[in-house]
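The following report looks at how strands and helices are arranged in the structure shown below.

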Amino acid sequence: MQLLIPVAAGLESVVKRQLFSLGFSRAPAFNGRIETEGDWTAVARLNVFLRSGERVLVKLAEFPAVTFDELYDRFYEIPWEDWLRVDSRILMDGKSAQSALAAVKAAGGVAKKAILRRLADHKRTGRQTFPETGPRTVVNFSVLRDRVTVALDTSGDGLHKRGYRSLAYTAPLKETLAAALIDLSLFHPDADPEKPFADVFCGSGTLPVEAAMKALCIAPGASRSFDFESWDCVPAGVADRAREEARDGEKRERKVRIFGSDISPEAISISSYHARRAGVAGKIQFSVADMRAFRSAVPYGVMISNPPYGERLSDKQSVRDLYAGLGRMFRALPDWSAYVLTSRPDFERWFGARADRKKKLSNANLACGLYTYFGKRPPSSRAGDRPEEEDEEETL
C-alpha cells in the first residue's frame with residue numbers, strides 16, 4: 001500500500017530519520033506529507049513508533065477534478081467495499097488550495113454520497129439509509145491545484161495524543177513537536193544515556209516527558225488505540241504485535257538525568273502527574289524554581305525550552321527581561337547547548353547572543369524560530385558529532 005504521513009512544516013527531515021530508523025528506505029516528501037509504502041504491519045508499526053508524524057494515511061486514489069460531478073464520479077470508482085462496512089461511521093476530512101473545488105464542506109458531502117452509493121451498489125444491500133453505527137473511518141481528501149488525493153486515516157486521533165497528557169495548562173507544546181525538538185538536539189540517549197537534559201519552562205511537562213520516553217525507548221503510541229484496529233480489512237493482531245515489539249525494546253532500567261522546572265507550583269504538579277501517566281515519573285527530577293537559578297555541576301548537557309512568547313504588547317517588556325535572564329543563565333553554563341523555540345523575531349538581541357543555527361518552525365499556528373546555541377564540545381567528541389540539517393541556518 002502507498003502510505004502518507006502528514007508532517008508539520010520544517011520537520012520533514014526529522015520524520016524521515018525516524019522512518020529510516022524503523023527500516024523504511026523510501027521516504028520522499030511532497031506538499032507537507034512524506035510518502036512511503038508497506039503492508040498493515042507497517043501501518044501498525046508507524047502508528048506505534050513514530051514520534052513526530054501527525055498521522056498515518058493509506059492512499060487510495062489520486063485524480064483531477066474541477067466540478068462536483070467529476071468529484072462524485074471519481075470517488076464512486078474507488079472500491080470502497082474493500083475497505084469499509086455498510087455500517088461504517090464515515091467522517092470526511094478535507095482541505096483545498098488553489099483549486100476550483102474550494103468549498104470543502106460541500107465537496108465532502110458530495111464525496112460521501114458517492115461512497116455510500118458505491119457501498120450500496122456493490123454490497124447489494126438495497127439500502128437508502130445507512131445507520132453508521134459501525135467502526136469510525138475518517139476519509140481524508142485534499143485538493144491541490146485541481147488534483148484530488150484520497151486516503152484513509154488509520155490513526156483516528158492525531159499521533160500527538162499519546163494518552164498521558166490529560167490536564168490543561170497554558171500554551172502546551174504539541175507532543176509531536178516536542179519530540180522533534182529533542183531529535184533536532186544533541187540529546188542522544190543511546191550514545192550517552194546519562195547526558196543531562198533540562199527544560200526550565202516545563203509547563204505541563206511535555207518536553208521532559210518526551211525526553212524520558214525517548215531515553216527509555218518507550219514507543220509513543222504503545223498505550224493508545226487506533227481506528228484501523230476495528231476495520232474488517234485489517235488482519236487480526238497486527239497492532240498487538242507492534243505493541244509487543246515496542247515493549248520488548250524498552251529500556252526502563254536505564255539511568256538518565258532529566259530535569260524539569262517551572263516557577264509555577266501548579267505547572268510542576270501537572271508535569272508530575274503527566275510523568276506518572278507516561279510511566280516515567282521516577283526518571284525526571286521536577287522542581288519549582290525560577291529559571292535564573294538553574295545550575296548544573298554535570299557538563300555537556302542539553303537545554304530545550306519553549307518560554308512565553310509575550311504576544312500581547314503589554315507583555316513585551318517582561319518577556320524581554322525574561323529572555324535576557326535566560327541568556328545570562330545559559331552563558332554561565334559554557335559547556336551546555338541550548339535550544340529555544342519562540343515566535344519573537346528579536347529573540348537573539350534580547351537573549352544577548354547570535355544563534356549558531358536557526359530553523360523555521362510553527363507552534364500553535366504561530367511562525368516560530370528554533371534558536372540553537374552550541375556549548376563546548378566534550379574532549380572526546382569529533383567534528384561530525386553535531387547533527388547536520390538540510391537547512392542549517394534560515395532567515396527568520
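## The sheet

An open sheet of 7 strands, with mixed pairing, follows the order S2-S3-S1-S4-S7-S6-S5; strands here are DSSP runs of E of at least two residues and helices are runs of H or I of at least four, numbered from the N terminus, and two strands pair if DSSP finds at least two bridges between them. At the edges lie strand S2 (29-30) and strand S5 (89-97), each of which pairs on one side only. Strand S1 (residues 2-6) and strand S4 (residues 57-64) run antiparallel and are joined by 2 bridges, with Leu 3 opposite Val 58 in S4.

This is a predicted model, in which local features need pLDDT of at least 70 and side-chain atom pairs count only at pLDDT 80 or more, while totals for chains, interfaces and linings use all residues. Residues are numbered from 1 along each chain as its sequence is written, and side-chain values use heavy atoms, with hydrogens and water left out.

## Helices on the sheet

Helix H1 (residues 12-21) packs on the sheet and touches S1, S2 and strand S3 (33-37), contact meaning heavy atoms within 4.5 Å. The direction of H1 makes about 20° with that of S3, where angles run from 0 to 180 degrees between N-to-C directions and axes are lines fitted to C-alpha atoms, for helices over the stretch in contact. Helix H4 (residues 104-122) lies across S5 and strand S6 (136-144), and runs at about 140° to S5.

## A helix pair

Helix H2 (residues 40-49) packs against helix H7 (residues 238-248) at an angle of about 50°, with the axes 8 Å apart.
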